[in-house]
Every structure is written in structure tokens, then in C-alpha cells.
Amino acid sequence: MPIVHGFDPPERFVAGTVGEPGSRTFFLQARAGSRIVSVALEKQQVTALAERIDELLDEVIADGRARGVVPAMAPFGMTDDQPLELPIEEEFRAGTMTLSWDPDDERVVVEVFPVGEEPVELTDGEDPAELLLVRLEPGQARAFVRRAEHVVGAGRPSCPFCGQPIDPDGHLCVRANGFRRRDP
């Protein structure tokens, strides 16, 4: 029997980090009451999840599938800029993630499977060992996207010439062929 960490809907669902830019660990964290689940993942996974949630909600608005209001942006007052809640205990490291729209409940459904696990539909009837299942109301989903974009953007700045991250101790730009660029 799989361990399902289910939140329908969570009181809080956010992406956050622990550590300094350049060596941050990214987490998805869901909370309902005193129950907190934290799942580690890569920065690129946070970016992809936020982009796909935003696209999914835009598609729902465009094709008129929703009976209720689906906001085009995060509703006023749903901004969450608080740090991750303690204790941050990694349940598992995220591998495959699925995303869908439940038209009956009008919720965004996010499923996060551990590294090495496949989504339930693809495993010939076998259940995954563990799963994070979060069902978000549209406003919550937009608020998640807004915070995720902020968290990802708060890392090291990118070099304007090569696009690589600039470390706190400097950056040798590959586009300068080993030389430091000088301002004119």
C-alpha cells in the first residue's frame, strides 16, 4: 500500500529554498493543520511546474471549461513570502510530476512521484511507494506560480553576455575568451 501525502486543498503549498544562492536546495512544501510535507526537487523542476500550472490555468480560461472564476493572476492577499515552515524534513526527492485539471471540483491536481517511480497510469497497475498529491483551487495555484517565479529568480544573477550564473567570488565569462570584459 503506497504512502499518499494528500492535501485537498492544502492550507499552504509553496516552493522554497534552504541555503545560499549557488548552493540552495529547493523544496515543495504542503501544509494542512500541523501536518507538513516537504519534497526536495531541482530548480528546473520548480520552474517547469510553475510554467505548466500557469499555462494550464490559461487554457482553462481560454476554452471556458470552468464554471467558477479562474483568476488570470494571483489574487490580491494570497501573496506568501514567508519562509518554509520548520521542521524541513525531506520525505523524498521528486522525480516525475504530473499536472491536470479536475473539471468536477475545478482544481489543479499536482502529483509528485519519488525519483525512480513512474506515474500510476504507466506502471501496469502497480502502486508507487510514495506520492505527494495536492489539489489546488485556482487562486492558490496562481499564488504558487507567483511565489515559485520569485524563489527561482532570487538566485545568483546571470551574466548578460553568456547567461551563466555569476558566483559571489566573480565570474570569468566564456564569451570573453578568458579575458575579463571592460566597460567602454
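## The second largest pocket

Let's start with a hollow in the surface: 16 residues line the second largest pocket, and those nearest its centre are D81, Q82, R147, H150 and V151. Keep in mind as you look around that this is a predicted model. The space in this second largest pocket comes to about 270 Å³.

Which elements give two or more residues to the lining of the second largest pocket? They are β2 and α2. Helix α2 provides the largest share of that lining, with five residues. Sorted by class, the lining of the second largest pocket has six nonpolar, five polar and five charged residues.

## The largest pocket

Now for the largest pocket, which holds about 330 Å³ of space. It has 19 lining residues, and G22, R24, F26, K43 and R156 are the closest to its centre. Here the elements giving two or more residues to the lining are β3, α1 and α2.

What about the classes of residue in this lining? In the largest pocket, nine lining residues are polar, five are nonpolar and five are charged.

## The sheet

Time to look at the strands. Seven of them make an open sheet with mixed pairing, and if you walk across it you meet them in the order β1-β7-β6-β5-β4-β3-β2. Why do β1 and β2 each have one side without a neighbour in the sheet? Strands β1 (3-7) and β2 (12-18) stand at the edges and each has a single partner strand, so one side of each is left without a neighbour there. Going from one strand to the next, the twist averages 30 degrees.

For a look at one pair, try β6 (residues 107-114) and β7 (residues 130-136). These two strands run antiparallel and are joined by five bridges. Find V110 and you'll see V134 of β7 standing opposite.

## The helices on the sheet

Two helices are worth tracing next. Helix α1 (residues 43-63) packs on the sheet, where it touches β2, β3 (25-32), β4 (35-41), β5 (90-102) and β6. The direction of α1 makes about 15 degrees with that of β5.

Helix α2 (residues 138-153) lies across β2, β3, β5, β6 and β7. Compared with β2, helix α2 runs at about 10 degrees. You've already met α2 in the pockets: this helix gives two or more residues to the lining of the largest pocket, and five residues to that of the second largest.

Terms used:
Residues numbered from 1 in each chain as written. Predicted model: local features only at pLDDT ≥ 70, side-chain atom pairs only at ≥ 80, totals over all residues. Heavy atoms only, no water. Pairing = 2+ DSSP bridges. Helix = DSSP H or I, 4+ residues; strand = E, 2+ residues; numbered from the N terminus. Axes fitted to C-alpha atoms, helices over the stretch in contact; angles between N-to-C directions. Contact = heavy atoms within 4.5 Å. 1 Å grid on protein atoms, 1.4 Å probe; cavity = no way out; pocket = protein on both sides within 12 Å on 5 of 7 lines; lining within 4 Å. Points joined across faces, edges and corners; volume = space filled by probe spheres on them. Nonpolar A, V, L, I, M, F, W, Y, C, P; charged D, E, K, R; others polar.
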